[in-house]
Amino acid sequence: MDFILNFWVELGNWVAGLMAGWGMPPWAVNLVADIVGVVILLLVGIAGVLIFTPMERKVIARMQDRPGPNRVWPYGLLIALADAIKMLTKEDIVPTNSDRRLHMLAPLIVAAPALLVFAVLPWGPGLIGQNLNVGILFIVAIGTIHVLAIIIAGWGANNKFSLISTYRVVNQLLAYEIPMVLCILAVVLFAKTMSTQGIVVAQTIPYFIVMPVAALIFLICAMAEANRSPVDLLEADSELVAGYMVEYSGMKFAMFFIAEYVSLFATAVLVATLFLGGWKFFGLEKVAPVLAPAIVFGKAVFVVFCMLWFRATFPRLRFDHLMSFSWKFLVPLSMVNLLVAALVLKLTANVWGQGALMLLGNIILVAATILIFKRTVPKLDEAPALKRIVAVEPVPEVPPRNAAGLVEGR
Amino acid sequence: MQVPLSWYLVVAAALFCIGLYGALSRRNAIAVLMGVELMLNSVNINLLAFWRYVEAARGSLSGQVFAIVVITVAAAEAAVGLALIIAVYRNRHTVDIEDMDLMKL
Amino acid sequence: MTVSHVVFIILSAVTLIGALGVVLGRNLFRAALFLILSFVGIAGFYILLEAEFLAMVQLLVYVGAIAILIIFAIMLSRRLMSPEYNARNEQWLIALASAAALCVLLVFILLQVNWPTELSVVPPNTIEQLGIALVSPDQFVLVFEVSSVLLLVALVGAVIIARER
């Protein structure tokens, strides 16, 4: 019974014992175990693509009251395979004046950061790829390689639209990385460790109850980092014709596609780890640790559903609105949140007291923000300049027609 | 047997000299800046190698703190340097350092 | 020849090849990419020296910020016509000679000295110790505060210099 309850860890131990029993030296056993772990994590990442592609299409379609893909298998659930076959059979086009090596380099390194994040995400009490004690910092540092891959993609295409898209992408990604890092800092202050496993263990109360403002800011910034609507200027088909990906076709485009969905999955698991309590579920994980990966996956699916909900509901933000939203609103808000976190941690040492005080601080923060907005954002009927911009030309009166249908006096 | 300290110092010295050649012999101002960044990185390797092999035994963290300060200074210097290059490019439409040798426009 | 020796040789090859690619190439964008390769190799060195926090900071600040800044400056200051005809300026021969002489001198001196090394086990909570060291009054708080003022000054200065008139 113990074997079943703690299944994954026991399985790993049993296989390692088997290999040692065959006479392999310990370094070979470790090497094989590491390779198997890497393969499993890669498969988990790619399985995320297979699961979330049909989920996205069906969920957004149902929200928009249309059926969505329903031809491939009953209910259209194998749509990811159909996409893969389509992309494999397309012609590979390289623009003539571009830098060939750079054009080929970008798809190679765009999927790597998204898959590398899976190495430090905790799936259970003993199930983590590598328990780095700077795990969160590793995730943030790897995210910057994604920016680099996009720059190389945009530059290597020798296309003005690609370049404009690249500038916008880098601006957006760097601007939304800062509130993300500040919210992560607030969580790290509360958990007193940077390792992801340590953050899950330290969450006796899930952190989205303790600091909901930080959770919301992190969700928005994570969506912006993954180029999801409503902040998806770069792959907006009506704006920039797929942006930096416009010169890629076939398997190279598939790499960008895979990178986007894998980073969506990784971001969702990261949100679940940082704010929703990771593999904890009201004590269920102490009774049956075998269910811990399922708990994490369930929370990740919930977060992905919220992201898809955002995408189906909100219109796209204009680029300068996007930038001023990040720099002028999210950055000060997350900085104040960080200060409140530091203050609360000094005021009391009791965990429940800290949680309650932080929640109170967040509520005060939201109230203060709403008050400031009520005072400074001018109302439409009180600001003459705004009135001039949005004023509607008076509609000319329609002259009356008599019984014959003709206008009088003409 | 660990990697001896002198290996780290030799690699740092080689990196420093490559960066020095880049900073002194390139025509483009941004390439000069890249050489300077290489020199600063070689200094960081030196600092951390000495910290690990000499200071860590005494429990002090001054090597790491010094390396963080050098990274900070390098970031500040790269930002200001690139701002200067962009401002010069806007006025003279060139980033060639051979054309920037007169203060007069 | 243990594993750490092999890893050291691989990392130093990566770093030095990246550095040579920076200073010898003609295409400036590729030089920036070789610079990023060099930075990643140096981050590997930091991990070998058991300073993981500094390795992550190196990746975050150098690769994620400075390299992207350099690439932006390359993209913004590129005249759409001619590539660089000659990537080397007038004094490249003297620069090469003096850099090579300096390298030979430094390596010679470094290999002569008998370094007093005491290699011990690094305690596992260096991050905590680093955090305490940066803000405690008898260690490095002054350095920390002054470098934050330096960053503020650099930020304001860069914005003012690069502003459109």
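## Exercises on the interfaces and surface of a predicted model

Chain A and chain C have zero residue pairs in polar contact, both residues at pLDDT 80 or more; a polar contact is a pair of N or O atoms within 3.5 Å, where within protein one must be able to donate a hydrogen and the other to accept it, and residues adjacent in sequence count only if both atoms are side-chain atoms. This is a predicted model, in which local features need pLDDT of at least 70, side-chain atom pairs count only at pLDDT 80 or more, and totals for chains, interfaces and linings use all residues. Residues are numbered from 1 along each chain as its sequence is written, chains are lettered from A and ligands numbered from 1 in the order in which they are written, and side-chain values use heavy atoms, with hydrogens and water left out.

**Exercise 1.** Describe what chain A and chain C bury between them, and which helices of chain A take part.

*Solution.*
1. Contact (heavy atoms within 4.5 Å) links 22 residues of chain A to 19 residues of chain C.
2. The buried area (accessible area, 1.4 Å probe, that two parts lose on being put together, summed over both) is about 2000 Å², with 81% on carbon and sulfur atoms.
3. A:Leu148, A:Trp155 and A:Tyr167 supply 26% of the area that chain A buries against chain C, more than any other three residues.
4. Salt bridges (a side-chain nitrogen of Lys or Arg within 4 Å of a carboxyl oxygen of Asp or Glu) number zero between chain A and chain C.
5. On the side of chain A that touches chain C, helix 5 (100–110), helix 7 (135–155) and helix 8 (160–191) each supply at least two residues; helices are DSSP runs of H or I, at least four residues, numbered from the N terminus.
6. Helix 7 of chain A has the largest share of that side, 10 residues.

**Exercise 2.** Describe the interface of chain B and chain C in the terms of Exercise 1.

*Solution.*
1. Here 71 residues of chain B are in contact with 81 residues of chain C.
2. About 7200 Å² is buried between chain B and chain C, 75% of it on carbon and sulfur atoms.
3. Seven residue pairs are in polar contact, both at pLDDT 80 or more.
4. One salt bridge crosses the interface of chain B and chain C: the side chains of C:Glu50 and B:Arg52 meet at 3.1 Å, N to O.
5. Helix 1 (5–25), helix 2 (29–55) and helix 3 (62–92) of chain B each supply at least two residues of the side that touches chain C.
6. Helix 3 of chain B gives the most to that side, with 22 residues.
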